Amino acid sequence: MTSNAGSEIEKKSGDDNLLPTMNAENLQANMRTIYYSRTFLSIIAGVIAGILGLTNLTGFVFYFFVMAITSLGLLAKAKFSIHAHFDSWNRVVLDGFLSGLMSFVLFWTFAYDLVHIF
């Protein structure tokens, strides 16, 4: 994770109030990291689910499990200080979830067809 996305604090002149500011470039780099991580792990999980022969609901449960582990890994990488690297919790937990699901289903069916049908 790129540091200092939100850890820069700017002081108002004459006030003791602190305004947190976000570095937009670092925030975008962190979001790209999340997107690429979820896409890569969705592809790997889809291939594993296809090779294992998971079908129906068990395959989708496997995807949700992998995405939960991915979210925990991203949180651990950010040292559980979300507001220092991202603007909200939703970014870490949900961003890239549906696009990852499409990649998962594509590679899940492809690997399943290669191993169990052909």
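This report walks through the fold of one chain, then two of its helices and two of its residues.

**Overall fold**

The model is predicted. The chain contains five helices and two strands. Read from the N terminus, the order of elements is β-β-α-α-α-α-α. The chain has 118 residues, and 30% of them count as buried. Among contacts with a separation of 6 or more, 69% join residues 24 or more positions apart.

**Helix α1**

Helix α1 covers residues 24-52, which is 29 residues. From first C-alpha to last, α1 reaches 42 Å. That is close to the 42 Å expected at 1.5 Å a residue. Asparagine 23 sits at the start of α1. One of its side-chain oxygens comes within 3.2 Å of the backbone nitrogen of glutamate 25. Glycine 53 follows α1 and has a positive phi, near 80°.

**Helices α2 and α5**

Two packed helices are described by the angle between their axes and the distance between the axes. Helix α2 spans residues 56-77. Helix α5 spans residues 97-117. The two pack at an angle of about 135°, and their axes are 11 Å apart. Angles outside the parallel, antiparallel and perpendicular ranges count as oblique, so α2 and α5 are oblique to each other. Their crossing is right-handed.

Which residues of α2 meet α5? They are Asn56, Gly59, Phe60, Phe62, Tyr63, Phe64 and Met67. On the α5 side, the partners are Phe97, Gly100, Leu101, Phe104, Val105 and Trp108.

**Two residues of α2**

Phenylalanine 60 lies in helix α2, and so does serine 71. The table sets out their exposure and their contacts beyond four places in sequence.

| Residue | Relative accessible area | Class | Contacts |
|---|---|---|---|
| Phenylalanine 60 | 31% | partly exposed | Leu101, Val105, Trp108 |
| Serine 71 | 9% | buried | Arg38, Val92, Val93 |

Is serine 71 buried or exposed? Buried means under 20% relative accessible area. Serine 71 has 9%, so it counts as buried. Phenylalanine 60 has 31%. The partly exposed class runs between 20% and 50%, so phenylalanine 60 is partly exposed.

Phenylalanine 60 also takes part in the meeting of α2 with α5. Its contacts Leu101, Val105 and Trp108 are among the α5 residues that meet α2. Phenylalanine 60 and leucine 101 are 41 residues apart along the chain, yet their C-alpha atoms are separated by 8.8 Å. Serine 71 touches Arg38, and α1 covers residues 24-52.

Terms used: Residues are numbered from 1 along each chain as its sequence is written. This is a predicted model: local features need pLDDT of at least 70, side-chain atom pairs count only at pLDDT 80 or more; totals for chains, interfaces and linings use all residues. Side-chain values use heavy atoms; hydrogens and water are left out. Helices (H or I, at least four residues) and strands (E, at least two) are DSSP runs, numbered from the N terminus. Buried means under 20% relative accessible area, exposed over 50%, partly exposed in between (1.4 Å probe, protein chains only). Contact means heavy atoms within 4.5 Å. The expected span of a helix is 1.5 Å times one less than its number of residues. A polar contact is a pair of N or O atoms within 3.5 Å; within protein, one must be able to donate a hydrogen and the other to accept it, and residues adjacent in sequence count only if both atoms are side-chain atoms. Axes are lines fitted to C-alpha atoms, for helices over the stretch in contact, and angles run from 0 to 180 degrees between N-to-C directions. Angles under 35 degrees count as roughly parallel, over 145 as roughly antiparallel, 65 to 115 as roughly perpendicular and the rest as oblique. A crossing is left-handed if the near helix is turned anticlockwise from the far one by less than a right angle, and right-handed if clockwise.
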